[in-house]
Amino acid sequence: MRRTEKASEAVAVIVRVRPLAKHEKGDAKALVCQDDQNIEIWHKKKPQNFTCNRVFGPSTTQKELFDNSGVEELLDAALSGYCGTMFAYGPTGCGKTHTTLGVENAESLSEEGLVPRSIRRVFSLADSRQSREVRFRVSCLEIYREQIHDLFVPDVDRTSLLCREHPKYGFFVDGLVLKGFKEAHSTISSVCKALRSRHTGSHNLNARSSRSHCLLALHVDSLPKPGSSPGSSPPTYGSMTFVDLAGCERPKDTGSSGKTLREAGHINKSLYVLGKVIQGMVETKGKRSRNLVPYRDSALTKLLIGSLGGSSKTLMVGCISPAAAFVAESIRTLDFANCVKGIRNQPVIRLDPREKLIAEMRLEIDRLRDENTRLRDQLSQPADADAHTDEGPARTSDSKTLFGGPTLPRLPLAMPSAQAPSAASRVEAVAPPQVLPSLPQSAPQHTPSPFFGAPPPPLHRSPRRGVSPLNNPRSPVRQVWEAAPVERGSEELESERLERELEERLADQLFEQLQLKPMAKPKAKPKQPHSDLSQGRGG
């Protein structure tokens, strides 16, 4: 993977204060935007201060919100392979849909919301990347009364879809349509057409109130163009999801009844579960414990769990009203925002499983090459030093460097006198393979040692561990090796003898450390006395 360590980051939170509505012109304002990050709200004649990443006052335009909210950074991250999520939260009638989607059938670009502006922005960013081929796919769904509907499907053919869980990739909607687009204008037209079929209603606080949660996902596949260099970046699969949540309602304020009241019950229930999930994520510090994080209790939390404590970059937009009549709902929204700030995500770049495996193998190859080069340098240094020394002491110090431990004292080998090979046979045992005659098929073949040029001799074993082939006078290996002619200098033979002794002592020490102790025999269970009934003496 491109990122070997997962760096965590907190969920970004911004707050937008809508202007006063026509029926609120005579009401007093209950909150004040002190600066770009602090809000002071008065409740029961007591001030309360709230801090977030950015505060947008009532005079903020749609363009200023898009330029300074951080949505552009999420779009850049989606092109790089990350998953981004923006969700709007707040009470009913506070401008969530206006912030996310803008004015329906907008006559000018100044009235467009975050979604149309983001689509134009991401297409322009894709055009600027000449070395990549970017493909766009869009999905749009709504959660209405805990049922998932695909908004790209006509109303006549629309059915309820199931939310399933993949053991590796998490929750997904089975049967959801992904439409591919190549131009920003056609994408915006199709999205606006799909959003017109969303369930809406009216009540005392909002003439066009959303009665469902809407999720719009923009999938961005960034692929290298054909003919690119092999060292170019691998294909990435990012996404950007916009979530327009329905607002929580109080029936006594909205005057809802009948179907609208039942819809409000489902909306409030899903938002209540979302609040419990966020509180559980903060308490468990991102660990999804089933007892504390009930993210399976609602379809909304199933689809948002990857954005809350998962592997995506998340931005929350809290929408509130400055009117004193809605001060309780505004405080509840700001408390929710403070809780969301405590969640930390671990964003990662999404790669194809095959490309991910290839990238990991390339990193492993580079690491092994560096290690091989380092070991070759270490082996070349003792060889240069031995050319200017006499015999054993230099080899002993080099062995300490290679094995990373202190130099062992020269102790006599614990070999039985009756089976110990002669000095000549011990010397001949470390001869290179090219000077030895061919061995029988039953004789073990040894590969050259990576530290020394000669093949390692068979390790000595004491009588209780078995007899080495060299210790057995009738062994064909010993007979062949004793008959092999060797022409070597005394200094070279003495140096190799010291090396072999050092290897044998190290092997014996490792064997002693790894030797297992015999397991204790389980204690026999005491025999149970037979009852009178089992012996046929029942009374």
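This report describes a three-stranded sheet and its helix, and then a pair of packed helices, in a predicted model.

## Basis of the report

The structure is a predicted model, in which local features need pLDDT of at least 70 and side-chain atom pairs count only at pLDDT 80 or more, while totals for chains, interfaces and linings use all residues. Residues are numbered from 1 along each chain as its sequence is written, and side-chain values use heavy atoms, with hydrogens and water left out.

## The sheet

Strands E3, E4 and E5 form an open sheet in that order, with antiparallel pairing. Strands (E, at least two residues) and helices (H or I, at least four residues) are DSSP runs, numbered from the N terminus. Two strands pair if DSSP finds at least two bridges between them.

Strand E3 (31–33) and strand E5 (46–51) stand at the edges with a single partner strand each, so one side of each has no neighbour in the sheet. On average, neighbouring strands of this sheet are turned by 20 degrees against each other, direction ignored. Axes here are lines fitted to C-alpha atoms, for helices over the stretch in contact, and angles run from 0 to 180 degrees between N-to-C directions.

## The two hairpins

E3 and E4 pair in the antiparallel sense over three bridges and form a hairpin with four residues between them. Cys33 stands opposite Ile39 in E4.

Strand E4 (residues 38–43) is joined to E5 by six bridges, and the two run antiparallel. Asn38 stands opposite Thr51 in E5, and Glu40 has Asn49 of E5 as its bridge partner. The hairpin of E4 and E5 has two residues between the strands, and Lys44 in this hairpin takes a positive phi near 55 degrees.

## A helix across the sheet

Helix H9 (residues 327–341) lies across E4 and E5 and runs at about 35 degrees to E5.

## Two packed helices

Two packed helices are described by the angle between their axes and the distance between the axes. For helix H4 (residues 114–128) and helix H5 (residues 184–196), the axes come within 9 Å and cross at roughly 155 degrees. H4 and H5 are therefore roughly antiparallel to each other (angles under 35 degrees count as roughly parallel, over 145 as roughly antiparallel, 65 to 115 as roughly perpendicular and the rest as oblique).

The contact (heavy atoms within 4.5 Å) is made by Val115, Pro116, Ile119, Arg120 and Phe123 of H4 and by Ala184, Thr187, Ile188 and Val191 of H5. By class, this contact has seven nonpolar, one polar and one charged residues. Ala, Val, Leu, Ile, Met, Phe, Trp, Tyr, Cys and Pro count as nonpolar, Asp, Glu, Lys and Arg as charged, and the others, Gly among them, as polar.
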